[in-house]
Amino acid sequence: MKTILIGGGGHALSLMEILTDIGQLEGYADLRPNPLMPIAYLGTDEEIQSKYSPEEFDIHVTFVYTSEVSLQPRRCIIERYKQYHSHTFCALSALVTTQSVLDEGCAVMEKAVVNRSQIGKNTVINTGAIIEHGCEIGDNCFIGPGATICGGVSIGENTFIGAGTVVRDEVSIAPACIIGMGSLVTSDITEAGVYYGRPAKIKKRVF
């Protein structure tokens, strides 16, 4: 069954780099064509859902976030395509141990490591990120390039972890958080909000 990418921006282009056979892709959806994409533009979300049935095609959501670094628009897109099966992609250079579990729709990018952990639906483990043993990462999370999630960490759904962030072992992070790049999370985060710093502190609450 061929897969349709939902989104034709930067993450879609990065995903193309980890594929050994782009022939497995039917094309991509977006508001408008991207001339850099090497596969066919198939139309908008409305056109995809009217022309390509979930019985015949899988999808993979490659839209990640807006300039506000919110995963809410991505969550809405995932909900819109909930009747489709979401395909998981994993780079050949990534290391996913045999006792790890990747749910549907995940993307594990170049040289990322997932060590005996559970990764929720539609979550992105970006380039060089490390998920250590015993972690539970929720649905629709984004773990940025070079982030290190130490052992036994729990991250709630719809949470963004910025590039280069370090989360110490046994920490829990509430759903719908944004952790700014380069932050150091040393204690539990119990409410949704925007956090950054070393150690990370709340800068804005999300109601």
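**Legends to the views of the predicted chain**

**View 1. Contacts along the chain.** In this predicted model, 25% of the contacts in the protein chain between residues at least 6 apart in sequence join residues at least 24 apart. The secondary structure of the protein chain consists of three helices and 23 strands.

**View 2. Overall dimensions and burial.** A compact globule with 207 residues would have a radius of gyration near 17 Å, and the protein chain agrees because its value is 17 Å. Taken along the principal axes, a box of roughly 50 × 40 × 30 Å holds the C-alpha atoms of the protein chain. Buried residues make up 45% of the 207 in the protein chain.

**View 3. Surface and charge.** The protein chain has an accessible surface of about 9900 Å², and carbon and sulfur atoms account for 52% of this surface. Its side chains include 23 negative and 16 positive ones. The centres of these two sets are 8 Å apart.

**View 4. Surroundings of Cys76.** The count of disulfides is zero. For Cys76, the closest cysteine sulfur belongs to Cys141 and lies 16 Å away, which is too far for a bond, because a disulfide needs the two sulfur atoms within 2.5 Å. Cys76 counts as partly exposed because its relative accessibility is 40%.

**View 5. Surroundings of Cys106.** Cys106 likewise takes part in no disulfide. The cysteine sulfur nearest to that of Cys106 is in Cys90, at 9.5 Å. With 1% relative accessibility, under the 20% limit, Cys106 therefore counts as buried.

Conventions
Residues numbered from 1 in each chain as written. Predicted model: local features only at pLDDT ≥ 70, side-chain atom pairs only at ≥ 80, totals over all residues. Heavy atoms only, no water. Helix = DSSP H or I, 4+ residues; strand = E, 2+ residues; numbered from the N terminus. Rg over C-alpha atoms; globule rule 2.2 N^0.38 Å. Buried < 20%, exposed > 50% of the residue type's maximum accessible area, 1.4 Å probe, protein only. Contact = heavy atoms within 4.5 Å. Areas by Shrake-Rupley, 256 points an atom, 1.4 Å probe, with all protein chains shown as cover. Lys, Arg positive; Asp, Glu negative; His and termini not counted. Charge placed at Lys NZ, Arg CZ, Asp CG, Glu CD.
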